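Work through these exercises with the model open. Try each task before you read its solution.

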Amino acid sequence: MFETLDQIFVILKHQALGFIPETWQPLASALISSAFIPVVFATLFAFVTIFERKGLGRIQNRYGPNRVGIPFTNIRLCGFGQFIPDGIKSLTKEDVVPRAADKVVHFLAPVVMLIPVLLAYAVLPIGRNMTAADYDAGVLFFFAVGGAVELSVFMAGWSSRNKYSLLGSMRAIAQMISYEIPLILSAITVTMIVGSLKTVDIVAAQNHYTFGIAHWFVFTPWGFAGFVLFFIASLAESNRTPFDLPEAESEIIAGYFTEYSGFKFALFFLGEYLGMFAINGLGITLFLGGWTAPLSFLTWVPSYLWFFAKLMALVFTFIWIRGTLPRLRMDQLMNLAWKFMLPLALVNILAAGLWHFLGAGPTRWLASAALIFGAYAVLGRSLMAKQKLGKRVYRYAE
């Protein structure tokens, strides 16, 4: 029964393909898998926006959405219907385009952002036997299509014919390129250890248990360091606090999409959240075992539920950070990427190499951990020494 529940979507897909002529089945299979991705993750986007607003309201000691319910009824859902009027507002709001704007590029920018993000989901193993496209170079494909997001950001800023939008897009591109380097370098350690760029093989390499505990890469010194670097870089790549300088939503100017309104703005908003889900999904695949259970006695739980449980845990961590940390300055943001995360990511690659060649035993644990911790201490001290920070003194009004 548990096996059937785990493979229920795979079984339903094969049953649906049985009604289609054999020559058309490969195309139909691709279409069904492709339709699943936007439907599921767009629905997830709608509910996450509500959870984020309510969570930030609780963190900041204020009300979040707590009224909107089911339309034309007296049933209230404590604000969980808020995404319905939000969607209607986005569809009906006037689309204002500046007179001097390049209208074609202005229109294409949000589309160019959304399409690569949806393509990135194709290589993510959402569950056992639930990968839309099992490419041999899945990790490489993910980063390759993700690189088009920088193009869309530049298109939005340049086509608006607004100096603030152009400067905002250049600031965003500088941030995204800077943090893309440690993001990719942290992923290299996993591909080195597994010996494959296939996301399915990476999950399979972690689907083993010793004393009932999974062999997730995050439980190793290099894997933990890689996951922390990947997590911080994913915050920056998703334009999330404290790296939300490209948008800076608390400021008057909204960065590269200042001149966007209506449904085009909604597409940018949707693209950012879908990008956040995708990059977290890759982090889960690389370091948190993908769809595998953390403990062997929990393997009866359907694999796709484990994937989405891990995804929601990371997303809520993003929300928690947004409600807690202040925004960095631009110089702090760039220094963190180039002077700390990039060198530490390179050292982590060396630590993963030591882990592989020293073989099983406590020696590789000690050598790998000592190398990473030593680099962290040296880099941290060198950066903090230049800050000249004094002792913090709290003063209260009398």
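**Exercise 1.** Which residues of α7 are buried?

Solution. This is a predicted model. Buried means under 20% relative accessible area. In α7, V149, E150, S152, V153, M155, A156, G157 and S159 are buried. Next, look for their partners. These buried residues pack against α5 (103-120), α6 (138-146), α8 (163-194) and α11 (262-287).

**Exercise 2.** Check the span of helix α7 against the value expected at 1.5 Å a residue.

Solution. Helix α7 covers residues 148-159, which is 12 residues. The rule takes 1.5 Å times one less than the number of residues. That gives an expected span of 16 Å. The end C-alpha atoms lie 16 Å apart, so the two values agree. Now step past the helix. R161 follows α7, and its phi is positive, near 55 degrees.

**Exercise 3.** Describe the largest pocket, starting with its volume.

Solution. The volume is about 1,100 Å³. The lining has 39 residues, and F45, T49, R53, F265 and F269 lie nearest the centre. Then sort the lining: 18 nonpolar, nine polar and 12 charged. Which helix supplies the largest share of this lining? It is α11, with 10 residues.

**Exercise 4.** Do the same for the second largest pocket.

Solution. Its volume is about 910 Å³. It is lined by 30 residues, with I232, L336, F340, Y376 and L383 nearest its centre. The lining splits into 22 nonpolar, four polar and four charged residues. Helices α10 (221-237), α13 (330-358) and α14 (362-385) each supply at least two lining residues. The most come from α13, with eight.

Technical notes. Residues are numbered from 1 along each chain as its sequence is written. This is a predicted model: local features need pLDDT of at least 70, side-chain atom pairs count only at pLDDT 80 or more; totals for chains, interfaces and linings use all residues. Side-chain values use heavy atoms; hydrogens and water are left out. Helices (H or I, at least four residues) and strands (E, at least two) are DSSP runs, numbered from the N terminus. Buried means under 20% relative accessible area, exposed over 50%, partly exposed in between (1.4 Å probe, protein chains only). Contact means heavy atoms within 4.5 Å. On a 1 Å grid over the protein atoms alone, a cavity is a set of points where a 1.4 Å probe fits but cannot get out, and a pocket is an open set with protein on both sides within 12 Å along at least five of seven lines; lining residues have an atom within 4 Å of a point. Grid points are joined across faces, edges and corners, and a volume is the space filled by probe spheres set on the points. Ala, Val, Leu, Ile, Met, Phe, Trp, Tyr, Cys and Pro count as nonpolar, Asp, Glu, Lys and Arg as charged, and the others, Gly among them, as polar.
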